[in-house]
Amino acid sequence: MRLLHLGDVLGQSGRKAALEALPMLRDRLKVDVAVVNVENSAHGFGVTAKICREFYNAGADVLTTGNHVWDQREIIAYIDEDKTLLRPWNFPDGTPGQGDCVFTAKSGKKVAVINMMGRLFMDPLSCPFQGANKLFGKYRLGKNVDALLIDFHAETTSEKMAFGHHCDGRASLVLGTHTHVPTADAQILPGGTAYQTDVGMCGDFNSVIGMKHESSVAKFLTKMPSGRLEPAEGPATVCGVYVETDDATGLAKRIEPVRIGGRLRGSWPSA
């Protein structure tokens with residue numbers, strides 16, 4: 001299978017770039033399933049039902065989020081209706097929405113998608129490592145699902161890397177989100193799981209993790225409140241990861257970064 005994951009979509013600039021790029025990426029890379037993290041897509045804070053529909057219309061199959069999922073209050077009533085809009089699985093019991101789903105591609109193959117959140121410097125949620133163990137009992141790669149993708153929304157590189165090794169051999173790919181800066185460690189782990197510490201963002205990199213740099217710099221200089229952060233509005237770079245899996249095992253055969261547009265140097269899967 002051919003899988004595509006786009007990193008955190010941030011603000012109008014990132015949203016516009018990702019929506020324009022997604023149909024082209026699906027066509028040129030012959031993607032079976034596309035997953036997009038949309039937790040910062042509504043002016044940098046959360047997501048709306050309208051934005052979800054825009055991404056589905058552009059070719060997204062599953063949408064993931066993170067700690068900003070509830071920033072737009074309207075999503076609380078909507079998320080139970082949309083079974084392919086995920087929030088972190090390890091939120092407390094009774095939280096609206098769901099943290100995992102199975103999407104059936106046009107080929108008939110099934111892809112499990114899990115949204116999990118880290119705990120270091122984040123909210124004190126239940127253990128993502130133990131949570132993954134439970135879900136690997138539900139989704140068995142190469143048995144009842146053909147591929148398994150985990151969006152691990154976490155702050156620290158150490159927790160993300162440990163989580164990747166914890167899942168190695170049991171997931172097709174584990175991809176980090178949240179820090180918005182693409183890492184240079186795309187690889188296939190020894191057990192066959194594709195991994196990258198952070199996919200990066202779809203946003204303007206003339207910024208501080210997607211926000212206008214002036215307010216951020218002022219806050220670091222003075223330690224005084226600098227007003228609400230506003231998304232940078234320049235040309236956006238679309239950051240993602242492309243993965244090919246083995247039909248028999250569901251494990252990864254190939255992982256390559258995707259970066260197009262904006263300020264960052266481009267990256268495209270080799271022929």
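1. Let's start with a charged pair. Arginine 254 and glutamate 256 join their side chains in a salt bridge, 2.8 Å from N to O. Keep in mind that what you have on screen is a predicted model. The pair also has company: Glu244, Arg254 and Glu256 are linked in a network of salt bridges. Is glutamate 256 buried or exposed? Glutamate 256 counts as buried, because its relative accessibility is 16% and the cut-off for buried is under 20%.

2. Now for the sheet in that part of the model. Five strands make up an open sheet, ordered β4-β3-β1-β12-β13, and the pairing is mixed. At the edges you'll find β4 (62-64) and β13 (252-260); each has a single partner strand, so one side of each is left without a neighbour in the sheet. On average, neighbouring strands here are turned by 20 degrees against each other, if you ignore direction.

3. Strand β1 deserves a look of its own. Four of the five residues in β1 (residues 2-6) are buried, so the strand is largely enclosed by the rest of the structure. With β12 (residues 238-245), β1 pairs in the antiparallel sense over five bridges, and leucine 3 stands opposite valine 243 of β12. With β3 (residues 33-37), β1 pairs in the parallel sense over four bridges; here leucine 6 has valine 36 in β3 as its bridge partner.

4. Moving out from β3, you reach β4. β3 and β4 run parallel and are joined by three bridges. To find the spot, look for valine 35, whose bridge partner in β4 is valine 62.

5. Which helix lies across β1, β3, β12 and β13? That's α1, running at about 165 degrees to β1. Helix α1 covers residues 11-29, and both lysine 16 and glutamate 20 lie in it, four residues apart, or about one turn of the helix. The side chains of lysine 16 and glutamate 20 meet in a salt bridge at 2.9 Å, N to O. Lysine 16 and glutamate 20 are both exposed, whereas glutamate 256 from point 1 is buried.

6. There is another sheet to trace. This open sheet has six strands in the order β5-β6-β7-β8-β10-β9, again with mixed pairing. Its edge strands are β5 (100-104) and β9 (187-188), each pairing on one side only. Helix α4 (residues 128-138) packs on the sheet, where it touches β5, β6 (110-117) and β7 (147-153). The direction of α4 makes about 165 degrees with that of β6.

7. How are β5 and β6 connected? They form a hairpin with five residues between them, and glycine 108 in the turn has a positive phi of about 95 degrees. The two strands pair in the antiparallel sense over five bridges. One handy marker is phenylalanine 103, which has valine 111 in β6 as its bridge partner.

8. Further along the sheet, β8 (residues 173-177) and β10 (residues 194-196) pair over three bridges, in the parallel sense. If you want a residue pair to click on, valine 174 stands opposite tyrosine 195 in β10.

9. Back to charges, with a contact between helix and strand. Lysine 138 makes a salt bridge with aspartate 100, and their closest N and O atoms are 2.9 Å apart. Lysine 138 lies in helix α4 and aspartate 100 in strand β5, so the pair ties together parts that are 38 residues apart in sequence. Which end of this pair is buried? Aspartate 100 is, because its relative accessibility is 12% and buried means under 20%. Lysine 138 counts as partly exposed, at 46% relative accessibility. As general background, side chains of opposite charge can pair when their charged atoms come close. For the tally, the structure holds eight salt bridges.

10. Last, a greasy bit on the outside. Val181, Val208 and Ile209 form a nonpolar patch on the surface, and together they offer about 220 Å² of accessible area. Where does valine 181 sit? Valine 181 is in the loop between β8 and β9. With a relative accessible area of 46%, valine 181 is partly exposed.

Conventions:
Residues numbered from 1 in each chain as written. Predicted model: local features only at pLDDT ≥ 70, side-chain atom pairs only at ≥ 80, totals over all residues. Heavy atoms only, no water. Pairing = 2+ DSSP bridges. Contact = heavy atoms within 4.5 Å. Axes fitted to C-alpha atoms, helices over the stretch in contact; angles between N-to-C directions. Patch = residues over 30% accessible without salt bridge, like charges linked within 9 Å, V, L, I, M, F, W, Y side chains within 5 Å. Areas by Shrake-Rupley, 256 points an atom, 1.4 Å probe, with all protein chains shown as cover. Salt bridge = Lys/Arg side-chain N within 4 Å of Asp/Glu carboxyl O. Buried < 20%, exposed > 50% of the residue type's maximum accessible area, 1.4 Å probe, protein only.
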